[in-house]
Amino acid sequence: MNGKGKLVVAIVIALFSVVGYFFKSQKNPYTGENQHISISAADEVAIGLNSAPEMMEQFGGEYPDARVQALADKVGERLLQASLQNSEYQFDFHVLADDQTINAFALPGGQIFITMGLLKRLSTEDQLAGVIGHEIGHVIGRHGAEHMAKQELSQGLVMATQVATADPNNPAGSAQIAAFVANMVNMKYGREDELESDNFGVQFLINAGYKPEAMIEVMEILKQAAGGNRQPEFMSSHPSPENRIEKLQQSIEYYKKELQEK
Ligand SMILES: [Zn+2]
């Protein structure tokens, strides 16, 4: 094929991936929003389960005290019971041993992580519920899957499907998983995604009988801890934490009122 022919083929391939992005859209059952996501909820669950071990390895493994893991499970389950009983996602809550990193993560499909570095700075169960509730919000908001769909657009690569079916026991599979986890750890959600997750968090806390104001306390704790270059995930894409706290206050007022009217 001559140079011109190759160019035409390249353009056709690029067009197909752009068209694929804009036509593959799914309505999110929790937000009602149409999202450009080409994978199913079951794929998201497979991706999360496949990449969870690698995620844990990157942060020193699971924290070895079973009582601490049980606390995260208990809080997570209480939130799910109150708000998401029939979810298609498979939620698991893990405390990571790393006590230097102050962070929390959610993989697509429901694998949720909080580092010991963040957990040890929290002083109440409500605050832990605030962190976990926010991360559950990223899962049901499908923010990770949406992020991958955008990457698919630029790379022309179906990374998501690869990770969902990757075999961690062969080198190619584990390399795909490692690349994916590195990507998730370093990714920054957009401002809208963070606010949406904060909103979900407020609703989950209220429904489960936790104090929603604990989410504001968590913001204050993170603000204090955010010295140096490495910003915690909660703050990463937010130039103005005050603004986010203000939005949280509005959200708390709104959902408390809505609850009273029920
Ligand atoms: Zn977040």
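In this predicted model, strands S3 and S5 (residues 111-115) run side by side in the parallel sense, joined over 5 bridges. One of the pairings to look for is Phe93, whose bridge partner in S5 is Ile112.

Zooming out a little, the pair belongs to an open sheet of 3 strands, laid out in the order S3-S5-S4, with mixed pairing. At the edges stand S3 (92-96) and S4 (104-106); each has a single partner strand, so one side of each is left without a neighbour in the sheet. On average, and with direction ignored, neighbouring strands here are turned by 15° against each other. Helix H5 packs on this sheet and touches S3, S4 and S5. The direction of H5 makes about 30° with that of S4.

H5 also has a helical partner. Helix H3 (residues 66-83) packs with H5 (residues 125-140) at an angle of about 60°, and the two axes are 9 Å apart. That angle makes H3 oblique to H5, because angles of 65 to 115 degrees would be needed to count as roughly perpendicular and those under 35 degrees as roughly parallel. As for handedness, H3 passes H5 in a right-handed crossing.

Which residues make the contact between H3 and H5? From H3 come Val75, Gly76 and Leu79, while H5 brings in Glu125, Leu128, Ala129, Ile132, Gly133 and Ile136. Sorted by class, this contact of H3 with H5 has 6 nonpolar, 2 polar and 1 charged residues. So, to put H5 in its place: this helix packs on the sheet and also packs with H3, as the geometry of the model lays out.

Key. Residues are numbered from 1 along each chain as its sequence is written. This is a predicted model: local features need pLDDT of at least 70, side-chain atom pairs count only at pLDDT 80 or more; totals for chains, interfaces and linings use all residues. Axes are lines fitted to C-alpha atoms, for helices over the stretch in contact, and angles run from 0 to 180 degrees between N-to-C directions. Helices (H or I, at least four residues) and strands (E, at least two) are DSSP runs, numbered from the N terminus. Angles under 35 degrees count as roughly parallel, over 145 as roughly antiparallel, 65 to 115 as roughly perpendicular and the rest as oblique. A crossing is left-handed if the near helix is turned anticlockwise from the far one by less than a right angle, and right-handed if clockwise. Two residues are in contact if their C-beta atoms, placed from the backbone, lie within 7 Å. Ala, Val, Leu, Ile, Met, Phe, Trp, Tyr, Cys and Pro count as nonpolar, Asp, Glu, Lys and Arg as charged, and the others, Gly among them, as polar. Two strands pair if DSSP finds at least two bridges between them.
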